[in-house]
Every structure is written in structure tokens, then in C-alpha cells.
Amino acid sequence: MTLNEISKEDIEVLEIFGGNGVCWRKVAKSTNKRIKTTRIDKREGLNGEYIRGDNLKILPSLNFEKYDIIDVDAYGIPFEHLELLFQRKLKNKVIIVTSIRSVLGALPKKLYETNGIDWNMVKKCQSLFSKNYIDLMLGYLFKNNIKEIKIYNHSDKKLYFYFKN
Ligand SMILES: C[S@@+](CC[C@H](N)C(=O)[O-])C[C@H]1O[C@@H](n2cnc3c(N)ncnc32)[C@H](O)[C@@H]1O
């Protein structure tokens, strides 16, 4: 999967929603590549060493140089996180995203706007404009010059994908 995108044997992963690092521990056991992870999480008392804090405050000044993969394993739609990552103009990184919308409510305002949908129209009929969440996400990524993404799972609420930039 994602690891095949990287030819190196030693892979550095930055987990910006690190939790207890469950997913990457499993991945590390299933590959011959050597995986080293750095986790960020706002919660106290998690397993092992990690950077404790709000990832939105940490990302603007973080040095991304050594990382090959950035894992954005959010509970919701990590729109602001993607915005911050695009602002950093990262090169040669694989970015893995879990994006889940919880209810059929409004999505981030800029997600509509980058797709040419006027926010005033959305306010008038939120459900109509919010139905095609996945199309809006794809449109947003395209506007940020991401021309190829790999979706490995999706439903009308969930989107799991990765891209290389
Ligand atoms: C879906 S879990 C991540 C699970 C993790 N990938 C694993 O394999 O164990 C999301 C995590 O993000 C953390 N989180 C949520 N918002 C955050 C934020 N703004 N900054 C840092 N961590 C955050 C939560 O505390 C939670 O542990």
C-alpha cells in the first residue's frame, strides 16, 4: 500500500493525530521496512513518548524535513490540517488522510468556496450542497494541485485516501 510509494527501507512517519500509535505498530509488524514514528496528540497519559499539544498550533512551525509520511488520522474532517500542510508547501511527502463527517450538516466554508459554491447559497439549502461531500473534497484537493489521489475506502460519510506531493 502506501509504503510501496517510498523506495527507502527506513521510513519516518509523522502521526499528527497520534493516539496510542496503534495503527502504525501494526503496520510495522507487517513489513520488512523499518518504520520510525513521531506522534503528536493533545491528550495526556498516552503510551510511550510523544509530542503533547494541539497539532494546529504545532504544524505551522514544525520541521517536516525528515518525514516521509504524514498521517492525518482524524475523527472528523481535517480541513484546517490540510490547509496548514498545503501552506507549508511540502515536497516528496506521502500524506495519508482519514476524513469522516459525523452528521449531514454544513462542511467547512472554504470547502464550498474552493468549489465555486457561494456560502450564502449553502446557508439557504445546506443539505443540497453538502450531499456530495466526497466530490467537494476531491475538488478542494485538485485546487491545491493534487492531481492524483488513491482512495482505499469510502462511503458517503468516510473517505480514506492518500496522495503524494
Ligand atoms: C482517531 S485517533 C488516532 C488513532 C491513532 N492513529 C492510532 O492508531 O492509535 C485521533 C486522536 O487525535 C487526537 N486529537 C484530536 N484533535 C487533536 C488536536 N487538535 N491536536 C492533537 N491531537 C488531537 C485525539 O486525542 C485522538 O487520540
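Helices and strands are taken here as DSSP runs, a helix having at least four residues and a strand at least two, numbered from the N terminus. With the elements named in this way, N92 is found in the loop between α3 and β5. The model is a predicted one.

That loop is a convenient place to start. N92 has a phi near 55°, a positive value in a residue other than glycine. K89 also lies in the loop between α3 and β5, and its phi, near 50°, is likewise positive in a residue other than glycine. As for accessibility, K89 counts as exposed at 64%, and N92 is exposed with a relative accessible area of 63%. A further positive phi, of about 70°, is taken by N145 just after α7.

Helix α7 covers residues 133-143, and its buried residues are Y133, I134, L136, M137, G139, Y140 and L141. In an α-helix there are 3.6 residues to a turn, so residues three or four places apart point the same way. The buried residues of α7 pack against three helices, α3 (79-87), α4 (109-113) and α6 (126-130), and against the strands β5 (94-100), β6 and β7.

The interior can be followed from here. The largest nonpolar core has 33 residues, and L14, F64, I70, L85 and F163 are those with the most contacts inside it. Two or more residues each come from β4 (69-73), α3, β5, α4, α7 and β7. Of these contributions, the largest share is the six residues from α7. I70 shows how one member of the core is surrounded. Apart from its neighbours within four places in sequence, I70 is in contact with L14, I16, F64, L85, L90, K93, V94, I95 and I96. There is also a second, separate core of 11 residues, which includes V13, W24, I69 and I96.

Aromatic side chains form another thread. A pair of aromatic rings is described by the distance of the centres and the angle of the planes. Counting rings whose centres lie within 6.5 Å, the model has seven aromatic pairs. One of them joins Y152 and Y160, a tilted pair at 6.1 Å centre to centre with 35° between the planes. Y152 also pairs with Y162, again tilted, at 6.4 Å centre to centre and 40° between the planes. Y152 lies in strand β6 (residues 149-154) and Y162 in strand β7 (residues 158-164), so this pair ties together parts that are 10 residues apart in sequence. Are the two partners buried or exposed? Y152 is partly exposed, with a relative accessible area of 47%, whereas Y162 is buried, at 8%.

Elsewhere, F79, F86, Y140, F161 and F163 form one aromatic cluster. Of these residues, Y140 is among the buried residues of α7, and F163 is one of the residues with the most contacts inside the largest core. A ring can also face a charge: the charged end of K147 sits over the ring of F142, 5.0 Å from its centre.

The last feature is open space. Rolling a probe the size of a water molecule over the atoms shows where empty space is left. The largest pocket holds about 510 Å³ of space. Its lining consists of 25 residues, and F17, G19, D41, D73 and Y75 lie nearest the pocket centre. At least two lining residues each are supplied by α1 (22-29), β2 (34-41), α2 (55-58), β4 and β5. Strands β4 and β5 also give two or more residues to the largest core.

Note on methods. Residues are numbered from 1 along each chain as its sequence is written. This is a predicted model: local features need pLDDT of at least 70, side-chain atom pairs count only at pLDDT 80 or more; totals for chains, interfaces and linings use all residues. Side-chain values use heavy atoms; hydrogens and water are left out. Rings of Phe, Tyr and Trp (its six-membered ring) pair if their centres lie within 6.5 Å; planes under 30 degrees apart count as stacked, over 60 as edge-to-face and the rest as tilted. Buried means under 20% relative accessible area, exposed over 50%, partly exposed in between (1.4 Å probe, protein chains only). A charge sits over a ring if NZ of Lys or CZ of Arg is within 6 Å of the ring centre and within 35 degrees of the ring normal. Contact means heavy atoms within 4.5 Å. A nonpolar core is a set of buried Ala, Val, Leu, Ile, Met, Phe, Trp, Tyr and Cys residues joined through side-chain atoms within 4.5 Å. On a 1 Å grid over the protein atoms alone, a cavity is a set of points where a 1.4 Å probe fits but cannot get out, and a pocket is an open set with protein on both sides within 12 Å along at least five of seven lines; lining residues have an atom within 4 Å of a point. Grid points are joined across faces, edges and corners, and a volume is the space filled by probe spheres set on the points.
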